[in-house]
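Visitor: I would like to go through a model with you. Could we begin with its open spaces and then turn to its sheets and helices?

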Amino acid sequence: MIRSFELERDRGVSRFGDAATLEELEDAQVATMGRKAQLSTLQKALGSLSPEDRKRVGRVANDVRATLQAALADRREQLERQAEDALLEEDRLDLSLPGRAPRVGAFHPLSIIEREAVEVFTSLGFRVVEGPEVEDDWHNFQALNIPPDHPARTMKDSLYVDVPGHPELLLRTETSAVQVRTMLAQSPPVFVVAPGRVYRRETSDPTHLPVFHQIEGLAVDEGITFADLKGTLEAFVKAMFGERRRIRLGPAFFPFVEPGCEVGVSCFRCDGAGCRVCGTGWIELLGAGMVHPSVLENCGYDAERLTGFAFGLGIERVAMLRYEIPDMRMLVDGDVRLVQQFRGVA
Ligand code: PHE
C-alpha cells in the first residue's frame, strides 16, 4: 500500500511536470488528486487497516499529499511566469525602431487668410453670409448701379454661362452681388461679410487669376458715416497686419459707392519706408466706399433714412504679401510643397 501511494506520488509529480499550460496542469491536478483519482481510493482504503498500519501508512499518505501539493504549486508558478513572459514578448515595444510620423495636413494659405480676416470681422460684430457663384445680370451689375450700357462693364464683362431658359447668367465678377442679396433678404441694420470665389475674363499672370477670392463687407444703418468705414478698416488692418499699421485712403471709382476709395496699408515689412515687397511703402489692399443711394433703393431700402459703407478685399493679394509669394499662380497650381510649408499655421 505504501508503494501504491509512492507510485501515485511519482505519477502525479511527472504529470504536473508534463503539463505544458495552466489548463493542462488543472487536468493533471484533477487526475491526480481529484475525488475519482487513485489517490482518493487509496486514502479511503486506509480505514480498513489495523490502527497500527493505518498510522504508518497514513503518515506516508500525508507526505505524498504534501509532496504533490508542493510540486503542483511549483509547476503552477513556472507556467504562470511562462505565460506572462509570452505576453510580454508578444507586446514587445522596440524602442530602437524609427518612429512612424503621422502625415500632418495644412490649411491652404488662402484658407488661412480668409479664416483670419473673417474672424477679425466677426469679432467686430459682422455676420458671415454667402451668395451664389453663378449670378444673374441684375444682381451682379444692374442692382449695383451698373446698367447694361455702363462703361464699367467693359473691364468686367465676364464669363457667361449658357443655361437654356436663363438669359444672362454669369460667374460673379465680385462678391458685391452679395450686398444686394443680403439687403433683399433682410431689413436693416446690416453688418455682414461675404467671403467667396469670383471670376473674371482674364489671362493668368503673376498678379492675375481668372478665378480668385474676395471678402465683401457691408454695413447699413441709420447714421453710418465715412468715419465708421475708416475706423472699421483701420481696426481690421491692425488686427491683420499689426498694431503699427496705418491706412491711407485715395479716391477711386466704383459705380456702387459714392464716394469711393482705394485703401492702402503701410507696409508691414518696411513700415512705410519702401522695400522689395511694397515698392513705395504702401500696399493697396482693397476698394471701399459709401453705399450708393441707388443701390439702397434698388434693394428696397430707404436711402433718405439709411446710409452704409461697403468694401471688397482680395484674399490672394493679402496672402501673397503676407507670405511673400512671388507669383499668384503658385496658389492654384496644386503643388503640395507650397501648402506643406503652412503646417501648423492657423
Ligand atoms: N467690388 C470691388 C472690386 O471687386 C471692390 C469694392 C467692394 C469696392 C465694395 C467698393 C465697395 O474691385
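Visitor: How much space lies in the largest pocket?

Guide: About 1200 Å³ of space lies in the largest pocket. On a 1 Å grid over the protein atoms alone, a pocket is an open set of points with protein on both sides within 12 Å along at least five of seven lines, and lining residues have an atom within 4 Å of a point. Grid points are joined across faces, edges and corners, and a volume is the space filled by probe spheres set on the points. This is a predicted model, in which local features need pLDDT of at least 70 and side-chain atom pairs count only at pLDDT 80 or more, while totals for chains, interfaces and linings use all residues. Residues are numbered from 1 along each chain as its sequence is written, and side-chain values use heavy atoms, with hydrogens and water left out.

Visitor: Which residues of the pocket lining are closest to its centre?

Guide: Of the 43 lining residues, the closest to the centre are Arg200, Phe212, Gln214, Gly314 and Arg317.

Visitor: And which element gives the most to that lining?

Guide: Strand S9 does, with 6 residues. At least two residues each come from H7 (152–156), S6, S8, S9, S10 and H11. Helices (H or I, at least four residues) and strands (E, at least two) are DSSP runs, numbered from the N terminus.

Visitor: What classes of residue are in the pocket lining?

Guide: The lining has 23 nonpolar, 8 polar and 12 charged residues. Ala, Val, Leu, Ile, Met, Phe, Trp, Tyr, Cys and Pro count as nonpolar, Asp, Glu, Lys and Arg as charged, and the others, Gly among them, as polar.

Visitor: Now closed space: how many cavities of 30 Å³ or more does the structure hold?

Guide: The structure holds 1, a cavity being a set of points where a 1.4 Å probe fits but cannot get out. About 30 Å³ of space lies in the largest cavity. Its lining includes Val178, Gln179, Val192 and Glu216, and the elements that give two or more residues to this lining are H8, S5 and S6.

Visitor: What is the strand order in the sheet of 7 strands?

Guide: This open sheet runs S1-S5-S6-S10-S9-S8-S7, with mixed pairing; two strands pair if DSSP finds at least two bridges between them. S1 (127–128) and S7 (247–251) are the edge strands, each pairing on one side only. S7 and S8 (residues 257–266) are antiparallel over 5 bridges, and Gly250 has Glu262 in S8 as its bridge partner.

Visitor: Which strands does H5 touch?

Guide: H5 (residues 109–123) packs on the sheet and touches S1, S5, S6 and S10, its direction making about 5° with that of S6. Contact means heavy atoms within 4.5 Å; axes are lines fitted to C-alpha atoms, for helices over the stretch in contact, and angles run from 0 to 180 degrees between N-to-C directions. H8 (residues 177–185) lies across S5, S6 and S10, at about 40° to S6.

Visitor: Which residues of H11 are buried?

Guide: In H11 (residues 315–323), Ile315, Glu316, Val318, Ala319, Met320 and Leu321 are buried, that is, under 20% relative accessible area with a 1.4 Å probe, protein chains only. Their cover includes H5, S6, H9 (226–241), S9 (282–291) and S10. Glu324, which follows H11, has a positive phi near 55°.

Visitor: Last topic: what is the order in the sheet of 3 strands?

Guide: The order is S2-S4-S3, with antiparallel pairing in an open sheet.

Note on methods:
Buried means under 20% relative accessible area, exposed over 50%, partly exposed in between (1.4 Å probe, protein chains only).
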